[in-house]
Amino acid sequence: MIKQNFDSTLLNGILGLSCIENYILYALAEHGYNYTFLYGKSYVPFNTVAFDFLYKNAAYASYDSIERLQKSVKDMGVIISEYNFAPESIPDTDSSEYLAVSVSSDYITQKYGSKLWRDDHFILLKGSGENEYFYLNDIPRDCGTIKKDIVKSIYTGTYFRYSIISPEKDGHEYIFTDIAEKIKNENRLTDDLPDILNAEILRDIIGILKISRKRIYEYCSNKLDVSFMNEYLRYLEKTYNSVEYMRVRNEKRTVAENRFFDRLKDIFYAVRDNDRAAADSLLKILQI
C-alpha cells in the first residue's frame, strides 16, 4: 500500500526528463527501490543529441532519443500502467495506485508564476478523503491537498495511472554492453556547424547531456568506480548555467552578430571535446 500523503523530499536527486518520469521515480523511491537500475539505456552519443537539435528540431521537453522510463519500467515488469485520454471524468483509484492527471497550463502559471517547458503538465494525486486529494507537483516542487472540484475544473483530459507490482527492490542485473556499443559506434561530428545554433539550442543540448551522463554515472556506480566522471558532471552543470545566462541576456541577438555566435560555437566544441574524453575514459572501464 502506498503512503497516504506525499513527501516532496523524495524528489531529491531524481533525474526525469518529464513530470511523468519524475512521478514514476518518486513512486519507486517511496517504495524503497534503488531506481537507478532504470538508467542503463540512457546513454545517447553527443553527435546524436547535437544532430537531433540542430537538424531535426528536437525539443528538450519531448526528447525521444532516450528511451522513456515509463516504457523501460513497464517492459521490466516493475509497474503496470494505463495512459488514456478521458476528458469526461477523472478515474477512480485504489490504495495501491498512483494517478497523474494533465492540468491546465494557465492554472500552473497562475499558481506558481512560472512558465511550463511543455504544454502537457501533470500533477500526481492520491485520494485523501471524500472531497479532496493529496497532490504532488514536481517543478516547482510542491505538495499538499487540493479540492476535487478544483482538480475537475483544471483537468485537461489525460491521465496516467500506475501501480508498482515487482517485489524486487534491488539486485537487478547491470549490463554495460549497450553503453559501450553506443560509445564505440558514435559517428563523430565534423567542425562544421549550421548558422541555426543559438543559445537556447545549445542550452538544451547540454541539458540532455546533463541528464544522460548523470544517469549513466549513477547506473555504473552500482558496480564500477566511475568517480572520474564527477569533474565532467560539474563542468556540464557550470556550462549549462553559463549558456542559460547568455540566453537570458541576449535573447534578441541573431547569428549575424558574429562575436556572440562565435562564443556559442566555442562552447559547443568545448562540450563536444570534453564529452568525447569522458566517453573514452568510460569505455576503458567498461571493457575491463
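The lining of the largest pocket comprises 13 nonpolar, 7 polar and 8 charged residues. This is a predicted model. The pocket, the cavities, the nonpolar cores and the cysteines are taken in turn below.

**The largest pocket**

The volume of this pocket is about 740 Å³. Its lining has 28 residues, and those closest to the centre are Gly16, Asn22, Tyr60, Asp138 and Ile139. Three helices, α1 (19-30), α7 (199-221) and α8 (229-249), each supply at least two lining residues. Helix α7 gives the most, with 4 residues.

**The cavities**

The structure holds 2 cavities of 30 Å³ or more. The table sets them out.

| Cavity | Volume | Nonpolar lining residues | Polar lining residues | Charged lining residues |
|---|---|---|---|---|
| Largest cavity | about 50 Å³ | 5 residues | no residues | 2 residues |
| Second largest cavity | about 40 Å³ | 6 residues | 1 residue | 1 residue |

Which residues line the largest cavity? They are Tyr43, Arg213, Met229, Asp275, Ala278, Ala279 and Leu282. Helix α9 (residues 258-286) gives the most to this lining, with 4 residues.

The second largest cavity has another set of walls. Its lining consists of Tyr107, Ile108, Lys111, Tyr112, Ile123, Tyr135, Asn137 and Ile146. Two elements, α4 (105-112) and β4 (132-137), give two or more residues each. The largest share, 4 residues, comes from α4.

**The nonpolar cores**

The largest nonpolar core has 79 residues. Ile179 and Phe268 touch the most other members. Helix α9 provides the largest share of this core, 12 residues. Apart from this core lies another, of 17 residues, including Val103, Tyr133, Tyr135 and Tyr159. Tyr135 also appears in the lining of the second largest cavity.

Ile179 deserves a closer look. Not counting residues up to four places away in sequence, Ile179 touches Gly40, Tyr43, Ile216, Tyr219, Cys220, Leu282 and Leu286. Among these, Tyr43 and Leu282 also line the largest cavity.

**Phe176 and its surroundings**

Phe176 sits in the loop between β6 (155-164) and α6 (177-184). Is this loop residue buried or exposed? Phe176 has a relative accessible area of 15%, so it counts as buried, the cut-off for that class being under 20%. Leaving aside neighbours within four places in sequence, Phe176 is in contact with Tyr219, Cys220, Lys223, Leu224 and Leu286. Of these, Tyr219, Cys220 and Leu286 are also touched by Ile179. Phe176 and Gln287 are 111 residues apart in sequence, yet their C-alpha atoms are 8.9 Å apart in space.

**The cysteines**

How many disulfides does the model contain? The count comes to 0. Cys143 is in no disulfide, because the nearest cysteine sulfur, that of Cys19, is 16 Å away, whereas a disulfide needs the two sulfur atoms within 2.5 Å. Cys143 is partly exposed, with a relative accessible area of 30%. Cys220, by contrast, is buried, at 0% relative accessibility. Cys220 is in contact with Phe176 and is touched by Ile179.

Notes
Residues numbered from 1 in each chain as written. Predicted model: local features only at pLDDT ≥ 70, side-chain atom pairs only at ≥ 80, totals over all residues. Heavy atoms only, no water. 1 Å grid on protein atoms, 1.4 Å probe; cavity = no way out; pocket = protein on both sides within 12 Å on 5 of 7 lines; lining within 4 Å. Points joined across faces, edges and corners; volume = space filled by probe spheres on them. Nonpolar A, V, L, I, M, F, W, Y, C, P; charged D, E, K, R; others polar. Buried < 20%, exposed > 50% of the residue type's maximum accessible area, 1.4 Å probe, protein only. Core = buried A, V, L, I, M, F, W, Y, C linked by side-chain atoms within 4.5 Å. Contact = heavy atoms within 4.5 Å.
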